[in-house]
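Visitor: I am new to this structure and would be grateful for a close look at a single part of it. Please choose one contact between side chains, and then explain how the elements around it are arranged.

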Amino acid sequence: MTENTGVKRGGAPGSRGRTTIADVVVAKIAGMAARDVRGVHALGSGSARAGSMRERMPGAGSGRSATRGVSVEVGELQAAVDLEIVVDYGVPITDVAGEVRENVVSAVERMAGREVVEVNITVSDVKLPDEEEEEEEGQRVQ
C-alpha cells in the first residue's frame, strides 16, 4: 500500500538547486596547487612578488597574495587557468610546468567540479640562489 503525502519528489536532494563557484575560489585553488609543486618559487612576476610594504607585513594583503599570478575563467561546467610563475634556478622548467599543469587540473576538477580545458603557464622569472640575501637586506620590517 502506497501512502500519498502530497509532497512532490524531484530527484535526489543533491541535484535540487544550483551551485555557483566564484572565479576567486578557482583562482585560489589553482594558486595553491601550483605553489605545492617543487621548483615553483612564487606566483606572479618579479615586480608583483616584491609587492608593497603592507603586503610584507604578517596578515596583511593575504587575500590578494593567494591569487597573485593567477587568472581564471569559470563557467558552469568548465574552467580555464592562466598562471605566471617564478621557478627556482636549476630546475627543469618544462618538467616543473608539466607538474604544475597536472596539479592544477587535478585540484580544480576535484575541488570545484569543473573540467579544466587549459592551463597556460608563463615563466616570468627565475629565482637565483643569491637573490634571497638581497631581498632580506631590502626588507625593513620583520
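**A salt bridge and its setting**

Guide: With a relative accessibility of 66%, R18 counts as exposed, because that term applies to values over 50%. The model in view is a predicted one, and R18 is a suitable place to begin reading it. This residue belongs to the segment before α1.

The partner of R18 is E76, and the side chains of these two residues meet in a salt bridge, with 3.2 Å from N to O. E76 is situated in the loop between β2 and β3, while R18 precedes α1 (23-35), so the contact ties together parts of the chain that are 58 residues apart in sequence. In space, the C-alpha atoms of R18 and E76 are 9.6 Å apart. Side chains of opposite charge can pair when their charged atoms come close. Like its partner, E76 is exposed: its relative accessible area is 58%, and R18 has 66%. The structure holds 1 salt bridge, and the pair of E76 and R18 forms such a contact.

The loop that carries E76 leads to the strands on either side of it. A hairpin of 3 residues joins β2 to β3. The two strands, β2 with residues 70-74 and β3 with residues 78-88, pair in the antiparallel sense over 5 bridges. Two of the facing pairs may be located by residue: V74 stands opposite A79 in β3, and V72 has V81 in β3 as its bridge partner.

Strand β3 also pairs with other strands. Strand β1 (residues 40-43) runs antiparallel to β3, and 3 bridges join the two; here A42 has V86 in β3 as its bridge partner. With β4 the sense is parallel, and the pairing extends over 11 bridges. Within that pairing, I85 has V123 in β4 as its bridge partner. In a regular strand the side chains alternate between the two faces of the sheet.

Strand β4 leads to another charged feature. This strand spans residues 115-127 and includes E118. Together with D23, E73 and D82, E118 forms a negative surface patch. E118 has a relative accessibility of 40% and is therefore classed as partly exposed, since this class lies between 20% and 50%. N120 is likewise found in strand β4, and at 35% relative accessibility N120 is also partly exposed. The C-alpha atom of N120 is separated by 8.0 Å from that of R101, although the two residues are 19 residues apart along the chain.

A further approach between separate parts of the chain involves helix α5, which covers residues 93-112 and contains D95. D95 is partly exposed, with a relative accessible area of 45%. Between the C-alpha atoms of D95 and G39 there are 9.4 Å, while the chain places these residues 56 apart.

These details may now be placed within the whole. The protein has 6 helices and 4 strands. Read from the N terminus, its elements follow the order α-β-α-α-α-β-β-α-β-α. The two adjacent strands in the middle of that order are β2 and β3, joined by the hairpin described above. Of the 142 residues in the protein, 30% are buried. Both members of the salt bridge with which this account began lie outside that group: E76 is exposed at 58%, and R18 is exposed at 66%.

Technical notes: Residues are numbered from 1 along each chain as its sequence is written. This is a predicted model: local features need pLDDT of at least 70, side-chain atom pairs count only at pLDDT 80 or more; totals for chains, interfaces and linings use all residues. Side-chain values use heavy atoms; hydrogens and water are left out. Patches are made of residues with over 30% relative accessible area and no salt bridge: like charges are joined within 9 Å, nonpolar side chains (Val, Leu, Ile, Met, Phe, Trp, Tyr) within 5 Å. Accessible areas come from the Shrake-Rupley method with a 1.4 Å probe; for residues, only the protein chains shown count as cover. A salt bridge is a side-chain nitrogen of Lys or Arg within 4 Å of a carboxyl oxygen of Asp or Glu. Lys and Arg count as positive and Asp and Glu as negative; His and the chain ends are not counted. The place of a charge is taken as NZ of Lys, CZ of Arg, CG of Asp or CD of Glu. Buried means under 20% relative accessible area, exposed over 50%, partly exposed in between (1.4 Å probe, protein chains only). Two strands pair if DSSP finds at least two bridges between them.
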